[in-house]
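Visitor: Got a minute to go through this one with me? Let's have it on screen.

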Amino acid sequence: MTDLVIRPLDESDVHLFDALPDPLRAAEAFGRVTYRPEWKRVALREGRVVARAAWWGGPDDSEPLVVEWFDFADGEEEAAAELLRTAPWQVGLELVMPGGWRDDPAMRAAAEARHSAARAAGHTPLVERFVYRWTPECGLPERPGRLRFAPEPDDAVFFDALRRIHSDTLDAHARKAIREGGLDQAAQEELDFFHWCPSPREWWQLARTPEGELAGLHIPAHNPSGPCVGFIGVLPEHRGHGYAYDLLTECTHHLAAHGADFIAAATDQGNHPMAAHFKKAGYPIVRERVNFELG
């Protein structure tokens with residue numbers, strides 16, 4: 001077999017990244033995302049691109065945070081795995097597919113081949129997620145009006161609330177953080193992410209019952225790609241009332257009032273209550289995503 005050449009791209013040849021077919025419509029998913037040329041790598045055989053990957057990070061990050069675009073030509077699964085294995089950044093991987101990809105035989109085969117290549121490169125599936133995109137055409141969901149919302153300047157209050165929320169959670173990323181470092185690590189990772197987002201700290205809100213009891217919190221946010229539902233969480237003792245829907249509607253109204261022409265969001269597919277709240281609030285599923293972790 002012809003020798004494989006793996007190398008990064010630069011401004012002069014970044015066009016090579018677009019030389020492959022796009023069976024999973026990644027360009028549709030990432031059309032608004034800017035990738036640094038030096039964080040794009042390709043595998044070439046006889047000068048022809050046979051595999052590609054793009055790493056993503058925030059504008060101020062010195063190293064990428066995740067592999068976000070991973071693709072290869074038919075029959076080049078091992079070349080794609082080698083592309084990931086030899087990269088200087090060993091980080092998690094997110095594979096994005098169109099919604100309902102399992103119902104299309106050709107798309108399912110393409111997705112499963114990429115999942116197989118990711119596993120061959122040392123990545124283990126962590127969770128499958130629904131990816132949502134609200135736009136004004138979806139309509140603003142009506143606020144139930146059951147909770148009282150207010151900002152809270154003290155990070156310690158949010159930290160304590162996050163610990164309590166994550167003490168009983170369906171979220172796979174939070175459960176992974178708890179396995180690795182306990183509730184403190186899970187709460188701190190959430191806080192670190194919120195602070196990393198370029199949106200104002202003043203947007204973070206606590207939700208209380210009319211009696212003044214803390215019921216949950218929501219974080220309207222902007223990540224580098226645009227407005228998003230940063231976090232929705234209900235304290236365990238207040239679950240069973242559908243308060244996550246109240247939090248989601250408030251978060252949506254907040255972002256819309258601050259000029260959002262779309263709102264991105266995601267939830268684990270196994271989190272059936274939250275998926276139901278997104279559906280009720282008018283958030284359509286636009287894609288599905290598989291998150292992989294190393295090891």
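Visitor: Start with proline 59. Which residues is proline 59 in contact with, leaving aside neighbours within four places in sequence?
Guide: Arg36 and Pro224. Keep in mind that this is a predicted model.

Visitor: Where does proline 59 lie?
Guide: In a loop. Strand β3 (48–56) is on one side and β4 (66–72) on the other.

Visitor: Buried or exposed, that proline 59?
Guide: Exposed. Proline 59 has a relative accessible area of 66%.

Visitor: And how far apart are proline 59 and threonine 34?
Guide: In space, 9.4 Å, C-alpha to C-alpha. In sequence, 25 residues separate the two.

Visitor: You mentioned β4. What does β4 give to the lining of the largest cavity?
Guide: Four residues, the most of any element. Elements giving two or more also include α1 (26–30) and β5 (92–98).

Visitor: How many cavities of 30 Å³ or more are there?
Guide: One. The space in it is about 80 Å³.

Visitor: Which residues line the largest cavity?
Guide: Among them are Asp22, Leu24, Phe30, Trp69, Phe70, Val96 and Arg114.

Visitor: What's the lining like by class?
Guide: Seven residues are nonpolar and five are charged. No polar residue takes part.

Visitor: New topic, cysteines. How many disulfides does the count come to?
Guide: Zero. Take cysteine 138: the nearest cysteine sulfur belongs to cysteine 251, and that is 15 Å away. Cysteine 138 is partly exposed, at 31% relative accessible area.

Visitor: Why is there no bond between cysteine 228 and cysteine 197?
Guide: Because their sulfurs are too far apart, at 5.5 Å. The cut-off for a disulfide is 2.5 Å. Cysteine 197 holds the closest cysteine sulfur to that of cysteine 228.

Visitor: Is cysteine 228 buried or exposed?
Guide: Buried, with 6% relative accessibility.

Visitor: Now strands. How do β7 and β8 run?
Guide: Antiparallel, joined by four bridges. β7 covers residues 148–151 and β8 covers 205–208. Arginine 148 sits opposite arginine 208 of β8.

Visitor: Which way does β8 pair with β9?
Guide: In the antiparallel sense, over four bridges. β9 spans residues 214–223. Here alanine 207 faces glycine 216 in β9.

Visitor: What do β8 and β9 form?
Guide: A hairpin, with five residues between the strands. Glycine 212 is in the turn and has a positive phi of about 95°.

Definitions and conventions
Residues numbered from 1 in each chain as written. Predicted model: local features only at pLDDT ≥ 70, side-chain atom pairs only at ≥ 80, totals over all residues. Heavy atoms only, no water. Buried < 20%, exposed > 50% of the residue type's maximum accessible area, 1.4 Å probe, protein only. Contact = heavy atoms within 4.5 Å. 1 Å grid on protein atoms, 1.4 Å probe; cavity = no way out; pocket = protein on both sides within 12 Å on 5 of 7 lines; lining within 4 Å. Points joined across faces, edges and corners; volume = space filled by probe spheres on them. Nonpolar A, V, L, I, M, F, W, Y, C, P; charged D, E, K, R; others polar. Pairing = 2+ DSSP bridges.
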